[in-house]
Amino acid sequence: MITEKRHQLILSELKEKGSVKVADLVEKFNFSESTIRRDLVQLEARHCLKRVHGGAIPVLNKFVEKSYQDKKSQFIHQKDGMAKYAASFVQDGESIYLDSGTTTFEMIKYLKEKDIVVVTNGLSHIEALINHEIPCFILGGRVKQKTKAIIGYEALTLLNRYKFDKCFIGSNGVHPIHGFTTPDPEEALIKEHAIKSSATTYVLVDESKFGEVSFTKFADLEEATIITTGSLDLKAYEKITIVKDVKI
């Protein structure tokens, strides 16, 4: 099969599923692994996709946010590993902030035995916190339907009344120069103020976020410890902040 036809098949699969794995492409299209990997390199050079460990994902659009459901279905195993590890830093007697992201959501099941108080701006989070009988507060304000996050002036005003021992944040982009970024300025403002209200901050990101820059910056790298899972070369980031690479 000619190269261009293979590329079209790979991109169609990527568009349909939101991410592709080399092993799945080999099995579905009966191409060799070396051919698939070469195709992914070529497609990345054309800015058609971004390679990640074992496969590829779409190129980030710095203005567009994926829906909560789309995010929830990606990197499931990695998110659980990061969430379990992040939850291990939470001690009895602490107040913590959980960002509305899908990785921080996975932390909740690992917090249920701890004597803590949680504040969140995540609509999905609050139901899970209640189900696990974890004392919790939810910010009031405008609901961003796509990401199920509560944002806006009211949320920011209430957030600024609290002080946290730790906060746990998600990010769309992680870059050694441009820091942590996200598409929505209002959501970025909530993240920024949560970090300022916390003694310690952890940002939970999978490998696809590294090297990406979204529309709005909410923090410099040195303001947080990064928790990630991956087989990336993280030396550029480790020079700036602490990186906890979870092996799963």
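**Exercise 1. A residue in strand 12**

Leaving aside its neighbours within four places in sequence, with which residues is Thr201 in contact? Then place Thr201 in its strand and find its bridge partner.

*Solution.* A word on the model before we start. This is a predicted model, in which local features need pLDDT of at least 70 and side-chain atom pairs count only at pLDDT 80 or more, while totals for chains, interfaces and linings use all residues. Residues are numbered from 1 along each chain as its sequence is written, and side-chain values use heavy atoms, with hydrogens and water left out.

Step 1: Contact means heavy atoms within 4.5 Å. By that rule, and without the neighbours within four places in sequence, Thr201 is in contact with Cys167, Ile169, Ile195, Glu223, Ala224 and Thr225.

Step 2: Thr201 has its place in strand 12. Helices (H or I, at least four residues) and strands (E, at least two) are DSSP runs, numbered from the N terminus.

Step 3: One of the contacts, Cys167, has Thr201 as its bridge partner in strand 12.

Step 4: Thr201 is buried, with a relative accessible area of 4%. Buried means under 20% relative accessible area, exposed over 50%, and partly exposed in between (1.4 Å probe, protein chains only). Five of the seven residues of strand 12 are buried, so the strand is largely enclosed by the rest of the structure.

**Exercise 2. The open sheet**

In what order do the seven strands of the open sheet run, and which are the edge strands?

*Solution.* Step 1: Two strands pair if DSSP finds at least two bridges between them. The seven strands form an open sheet in the order 6-5-4-9-12-14-15, with parallel pairing.

Step 2: At the edges are strand 6 (136-138) and strand 15 (243-245), each of which pairs on one side only. From one strand to the next, the twist averages 20°.

Step 3: Now walk through some of the pairs. Strand 4 (residues 95-98) and strand 9 (residues 164-170) pair in the parallel sense over three bridges, and Tyr97 stands opposite Cys167 in strand 9. Strand 9 is joined to strand 12 by six bridges, and the two run parallel. Strand 12 in turn pairs with strand 14 (residues 225-228) in the parallel sense over three bridges; the partner of Val203 in strand 14 is Ile226.

Step 4: Add a helix. Helix 9 (residues 185-196) lies across strand 4, strand 9 and strand 12 (198-204), running at about 150° to strand 9. Angles run from 0 to 180 degrees between N-to-C directions, and axes are lines fitted to C-alpha atoms, for helices over the stretch in contact.

**Exercise 3. Just after strand 12**

Where is the place of Val205, and is Val205 buried or exposed?

*Solution.* Step 1: Val205 sits in the loop between strand 12 and strand 13 (216-219).

Step 2: With a relative accessible area of 1%, Val205 is buried.

Step 3: Leaving aside neighbours within four places in sequence, the contacts of Val205 include Ile226, Ile227 and Thr228, and also Met82. Met82 is itself among the buried residues of helix 5.

Step 4: Along the chain, Val205 and Thr104 are 101 residues apart, yet their C-alpha atoms are separated by 9.9 Å.

**Exercise 4. Two helices that cross**

At roughly what angle do the axes of helix 1 and helix 3 cross, and which residues make the contact?

*Solution.* Step 1: Two packed helices are described by the angle between their axes and the distance between the axes.

Step 2: The axes of helix 1 (residues 3-17) and helix 3 (residues 33-45) come within 10 Å and cross at roughly 80°. The two helices are therefore roughly perpendicular to each other (65 to 115 degrees; under 35 counts as roughly parallel, over 145 as roughly antiparallel and the rest as oblique).

Step 3: Helix 1 contributes Thr3, Arg6, His7, Ile10 and Leu11, and helix 3 contributes Thr35, Ile36, Arg38, Asp39, Leu40, Gln42 and Leu43.

**Exercise 5. Positive phi**

What is the phi of Asn30, and what is that of Glu133?

*Solution.* Step 1: Asn30 has a positive phi of about 60° although it is not a glycine. Asn30 is found in the loop between helix 2 (22-29) and helix 3, and is exposed at a relative accessible area of 69%.

Step 2: Glu133, not a glycine either, has a positive phi of about 55°. Its loop lies between helix 7 and strand 6, and Glu133 counts as exposed at 73% relative accessibility.
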